[in-house]
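Me: Could you help me learn to read a protein model, one feature at a time?
Reply: Gladly! Let's put the model in front of us and start with the whole chain.

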Amino acid sequence: MAEAAAEEFAIGLKLADVTERHMATQKASAVLLDGEGRRVSEEAMARREVIMYRPADHKESIGKLVFIAAYLIARRKRLDEGELATILEMAAPVG
């Protein structure tokens, strides 16, 4: 399930692309509609893109995990169970 969603989110993108977009949108406060019509912030959409990103190799997998950890520490946030499961699933083939 998460694998199919990852393809939708990160086709042709590199980890640097999705993490830079996530950092840029953290500053934005716009509200958008997600794929299911729910109102979400632009930052939440970018965060989801980072979570759904499938690393191309081991180095990117580590980079993705470091970026997510730094974000969570800086923002004093935590992952919900679904986000954590998705991150682990996306990293599994590489790690």
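**Reading the model step by step**

Reply: Buried residues make up 33% of the 95 residues in the chain. Keep in mind that this is a predicted model.

Me: What is the mean pLDDT of the chain?
Reply: The mean is 79, and 73% of the residues reach 70 or more. The general idea is this: where pLDDT is low, the predicted coordinates should not be read in detail. Among the elements here, helix H1 (residues 2-10) has the lowest mean pLDDT, 56, while H4 has the highest, 91.

Me: How many helices and strands does the chain have?
Reply: There are five helices and two strands. Read from the N terminus, their order is α-α-β-β-α-α-α. You can also ask how far along the sequence the contacts reach. Of the contacts between residues at least 6 apart in sequence, 63% join residues at least 24 apart.

Me: Which residues form the largest nonpolar core?
Reply: That core has 10 residues: Leu15, Val18, Val50, Ile51, Tyr53, Phe67, Ile68, Tyr71, Leu72 and Ile87. Next, check which elements they come from. Helix H2 (15-26), helix H3 (42-52) and helix H4 (58-75) each supply at least two of the core residues. The largest share, four residues, comes from H4.

Me: Then let's look at H4. How far apart are its end C-alpha atoms?
Reply: They are 26 Å apart. A helix can be checked against its expected span: at 1.5 Å a residue, the 18 residues of H4 should span 26 Å, so the model agrees with the expectation.

Me: Which residues of H4 are buried?
Reply: They are Glu60, Ser61, Lys64, Phe67, Ile68, Tyr71 and Leu72. Now look down the axis of H4: these buried residues fall within an arc of 130 degrees, so they line one face of the helix. On the other side of H4, Lys59, Val66, Ile73 and Ala74 are exposed.

Me: And what can I find at the start of H4?
Reply: Look for a side chain pointing at the backbone. Here a side-chain oxygen of Asp57 reaches to within 3.2 Å of the backbone nitrogen of Lys59.

Me: Which residue follows H4?
Reply: Arg76 does, and its phi is positive, near 55 degrees. That is a positive value in a residue other than glycine. Arg76 lies in the loop between H4 and helix H5 (81-91).

Me: Is Arg76 buried or exposed?
Reply: The relative accessible area settles that, with over 50% counting as exposed. Arg76 has 77%, so Arg76 is exposed.

Me: Let's carry on to H5. Which of its residues are buried?
Reply: The buried residues of H5 are Glu83, Thr86, Ile87, Met90 and Ala91. They cover an arc of only 125 degrees around the axis, which puts them on the same side of H5. Glu81 and Leu88, on the other side of H5, are exposed.

Me: Which residue caps the N-terminal end of H5?
Reply: Asp80 is the cap: one of its side-chain oxygens lies 3.1 Å from the backbone nitrogen of Gly82.

Me: How can I tell that Met90 is buried?
Reply: Use the same kind of value, with under 20% counting as buried. Met90, which lies in helix H5, has a relative accessible area of 0%, so Met90 is buried. Try a distance too: Met90 and Met52 are 38 residues apart in sequence and 7.2 Å apart in space, C-alpha to C-alpha.

Me: Where is Thr19 placed?
Reply: Thr19 is in helix H2. Its relative accessible area is 9%, so Thr19 is buried. For a side chain with a polar atom, look for a partner: that of Thr19 has a polar atom 3.3 Å from the backbone oxygen of Ala16.

Me: Which residues does Thr19 touch, not counting residues up to four places away in sequence?
Reply: Thr19 touches Val50 and Phe67. Thr19 and Val50 are 31 residues apart in sequence and 6.2 Å apart in space, C-alpha to C-alpha. You can now read the contacts from the other end as well. Leaving aside neighbours within four places in sequence, Phe67 is in contact with Thr19, His22, Met23 and Val50.

Technical notes. Residues numbered from 1 in each chain as written. Predicted model: local features only at pLDDT ≥ 70, side-chain atom pairs only at ≥ 80, totals over all residues. Heavy atoms only, no water. Core = buried A, V, L, I, M, F, W, Y, C linked by side-chain atoms within 4.5 Å. Buried < 20%, exposed > 50% of the residue type's maximum accessible area, 1.4 Å probe, protein only. Contact = heavy atoms within 4.5 Å. Expected span 1.5 Å × (residues − 1). Arc of directions from axis to C-beta. Polar contact = N/O pair within 3.5 Å; in protein donor to acceptor, adjacent residues only side chain to side chain. pLDDT = per-residue confidence, 0-100.
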